[in-house]
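User: I am new to reading protein structures and would love a close look at one part of this one. Could you take me slowly through the places where the ligands sit?

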Amino acid sequence: MPKLMPKSNPRKLRILVSKPGLDGHDRGALILCKAFRDAGMEVIYGGVLTTPEQVAAMAIDEDVDAVALSLLNGAHMVAFPRVAKLLRDSNAADIVLVGGGIIPKEDKLVLEKEGITGNFGPGTSLGTIVKHVKDRVAKRSRTTTRPSQ
Amino acid sequence: MIPIKPILDGNKRAVSRAISLIEDESHYASSLLRLLYPHTGKAFVIGIVGPPGTGKSSIIDAMVRCYRQRGAHVGVVATDPSSPTSGGALLGDRLRMGLHSLDSDVFIRSMASRGQSGGLSPTTRNVVRVMDSASMNPIIIETVGAGQNDVSIASVADVVVVVLMPQMGDEVQSGKAGFMEIGDIFVVNKADLDGADKTISDLRALRSDVKGWEPPILKTVAIGGKGIKEMLVQIEDCRQYLEKKGYFARRRMAHLEEELLGDIVSHWTQKLKLRAKRTSRFRAIVREVVSREIDPWRASEQLYKELDMM
Ligand code: B12
Ligand SMILES: Nc1nc2c(ncn2[C@@H]2O[C@H](COP(=O)(O)OP(=O)(O)O)[C@@H](O)[C@H]2O)c(=O)[nH]1
Ligand SMILES: [Mg+2]
């Protein structure tokens, strides 16, 4: 009997680029979208002016490997950990969270404790960002519950 | 083994993970699909097709709002093209459907076309099955909208809606776009812009009613939802017409026939390729064709014989 699915594709990295707050600075987020796409990822852009609740819901529907959180409005200390908590509450703590925008140095350690890494600011090279995402997702797949192939 | 109960119960995380397995054509996919298949066939599947930027995603957003008012559990599959160079993709359809993300009875999934032509992803049909098994109904599919030949939708959806907009010029006039032929309903969106009536009269001249159903032509303004209720009425009318005439079941039968044939053909194609390459004569024959000792037609005849296919 012919097998239904003859081949198994390597999983494509799926990432949600989001702005979980009242922040209209979308230039950086759009640039990230293109950089991730050019690095071979499937990128879902969540748009501006979304709430942490919407971002978490989108991440789950889309079964992304990672969520890129971008805020330049100073609300990152509330919004980023909120997304992390919502994902934990939905049994989706394995989704990788990376952050960026205007983030003071002293905030970075706190965010990292919440599992939100990177937290890159203006001038960071896109190569650095792409590598950071790929590295974190690669580490994740070893511990995730997703059946390996 | 993946438990299917959470999927059938519509648990979003379970559904979304199942979809990923299928999208990646994982080894788990076929056994999962076999378990889910008995639970499928319930959903009404609506295809939305048309050139980029005509407002397909915005229309779906408005449709979902209407269906939710009636208490339906709605599934959406939105397709965007994969980049042929990087293999990556920018999936932006969700942007227009943002407000539904928090609704537990709406499930929206973005898919990349992953190299498949025809406007869908290779696994769209099976992704729809997962949603169907989770009791989503209706399920709305948005095609890529990139080319003239977004026609795969006709072998997945029960009813196809073609979305156009004013000032499209040639695209409508020439009638060359493949998707013009598969429309059960035509929508001229952005009717707030000039030229909607011109587009409608162009369409009138073109539409064909081969099935005894004359595709209606409607005006909508997706932003604000004008005309969307009327559109849903037409979709329902079309469905009832197809059901009354027995075309509905016939379409589904044709879809399955095509799917099965496709599976068999691709299975045998792979097998044959391997066998042909393994025959000792294969390389030698290719060389003889290169050096003009024999022609390609003689060569394939000989290979047929050798593969015992004549
Ligand atoms: C351009 C700009 C605007 C434009 C935005 C246009 C647009 N559509 O994006 C306009 C003029 C509209 C604007 C308005 C405002 N702005 Co303004 N704006 C800027 C400016 C000058 C540059 C931002 C930018 O586009 N940079 C280019 C992009 C490519 O860089 P980026 O976004 O920083 O992204 C990079 C990195 O940060 C990182 N990154 C970003 N996000 C993420 C996410 C992840 C996951 C990762 C890994 C990396 C990452 O990667 C990117 C590539 O390196 C900054 C100052 C600055 N130097 O940053 C102020 C700035 C952000 N704005 C500021 C302010 C206050 C405002 C306003 C409130 C009013 C005002 N004073 O101008 C309004 C609010 C608008 C709104 N609705 O939210 C402040 C914010 C202060 C704060 N956080 O405390 C800043 C810092 C200026 C300042 N020093 O005061 N702004
Ligand atoms: N003026 C007008 N603009 C619309 C209407 N519907 C959608 N748009 C806009 O058209 C653009 C493309 O819409 P989108 O839904 O993404 O189109 P798609 O590419 O076909 O999915 C967006 O900027 C929408 O805001 C409409 O009825 N009238
Ligand atoms: Mg779209």
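Analyst:
**Around the ligands**

The shell of residues around ligand 1 divides into 10 nonpolar, 12 polar and three charged. Please keep in mind that this is a predicted model.

Which residues come nearest to ligand 1? Among the 25 residues around this ligand, the nearest are Gly24(A), His25(A), Asp26(A), Leu72(A) and Thr124(A). Three elements of chain A, namely α1 (27–38), β3 (66–71) and β4 (96–101), each supply at least two residues of the shell.

His25(A) deserves a pause. Ligand 1 holds a cobalt atom, and the only protein donor of that cobalt is His25(A), through its NE2 atom at 2.1 Å. If you want to find His25(A) on the chain, look in the loop between β1 (14–18) and α1 of chain A.

Backbone atoms take part around ligand 1 too. A polar backbone atom of Leu72(A) is 2.7 Å from a nitrogen atom of the ligand, and one of Arg27(A) is 3.1 Å from an oxygen atom of the ligand. At Gly101(A), a backbone N or O atom lies 3.5 Å from a nitrogen atom of ligand 1.

It helps to step back to chain A for a moment. Chain A has five helices and five strands, and along the sequence these run as β-α-β-α-β-α-β-α-β-α. Of its 149 residues, 51% count as buried. Residues 24 or more positions apart account for 72% of the contacts in chain A with a separation of 6 or more. On the outside, chain A exposes about 7000 Å², and carbon and sulfur atoms supply 59% of that area.

Now let us move to chain B and ligand 2. How many residues surround ligand 2? There are 16, and the closest are Gly53(B), Lys56(B), Ser58(B), Arg96(B) and Asp192(B). By class, this shell has five nonpolar, six polar and five charged residues. Helix α4(B) gives the most to the shell, with three residues.

Here, side chains join in. An N or O atom in the side chain of Arg96(B) is 2.6 Å from an oxygen atom of ligand 2, and an N or O atom in the side chain of Asn189(B) is 3.1 Å from a nitrogen atom of the ligand. Thr54(B) uses its backbone, with a polar atom 3.3 Å from an oxygen atom of ligand 2. Taken alone, ligand 2 exposes 580 Å², and the protein buries 76% of that.

Next comes ligand 3, a magnesium ion. Which protein atoms are the donors of this ion? They are OG of Ser57(B), OD of Asp93(B) and OE of Glu142(B), lying 2.1 to 2.2 Å from the magnesium. Along the chain, these donors follow the spacing S-x35-D-x48-E. Ser57(B) lies in helix α4 (residues 56–69) and Glu142(B) in strand β5 (residues 139–142) of chain B, so this pair ties together parts that are 85 residues apart in sequence.

Are Ser57(B) and Glu142(B) buried or exposed? Ser57(B) has 7% relative accessibility and therefore counts as buried, the cut-off being under 20%. Glu142(B), at 3%, counts as buried as well.

Glu142(B) also leads us to Thr79(B), in strand β2 (residues 74–80) of chain B. The side chain of Thr79(B) reaches the backbone oxygen of Glu142(B) at 2.7 Å. Thr79(B) counts as buried because its relative accessibility is 0%. Leaving aside neighbours within four places in sequence, Thr79(B) is in contact with several residues, among them Asp93(B), Met111(B), Leu120(B), Glu142(B) and Val144(B). Two names in that list, Asp93(B) and Glu142(B), are ones you have just met as donors of the magnesium ion.

One last stop follows β5. Ser155(B) lies in the loop between β5 and β6 (159–164) of chain B. With 11% relative accessibility, Ser155(B) counts as buried. Not counting residues up to four places away in sequence, Ser155(B) touches Arg125(B), His255(B) and Glu258(B). With Glu258(B) there is a polar contact as well, joining the two side chains at 3.4 Å.

Key. Residues numbered from 1 in each chain as written. Chains lettered and ligands numbered in written order. Predicted model: local features only at pLDDT ≥ 70, side-chain atom pairs only at ≥ 80, totals over all residues. Heavy atoms only, no water. Donors = N, O, S within 2.8 Å, 3.2 Å for Na, K, Ca; no water. Helix = DSSP H or I, 4+ residues; strand = E, 2+ residues; numbered from the N terminus. Buried < 20%, exposed > 50% of the residue type's maximum accessible area, 1.4 Å probe, protein only. Near = heavy atom within 4 Å. Polar contact = N/O pair within 3.5 Å; in protein donor to acceptor, adjacent residues only side chain to side chain. Nonpolar A, V, L, I, M, F, W, Y, C, P; charged D, E, K, R; others polar. Areas by Shrake-Rupley, 256 points an atom, 1.4 Å probe, with all protein chains shown as cover. Contact = heavy atoms within 4.5 Å.
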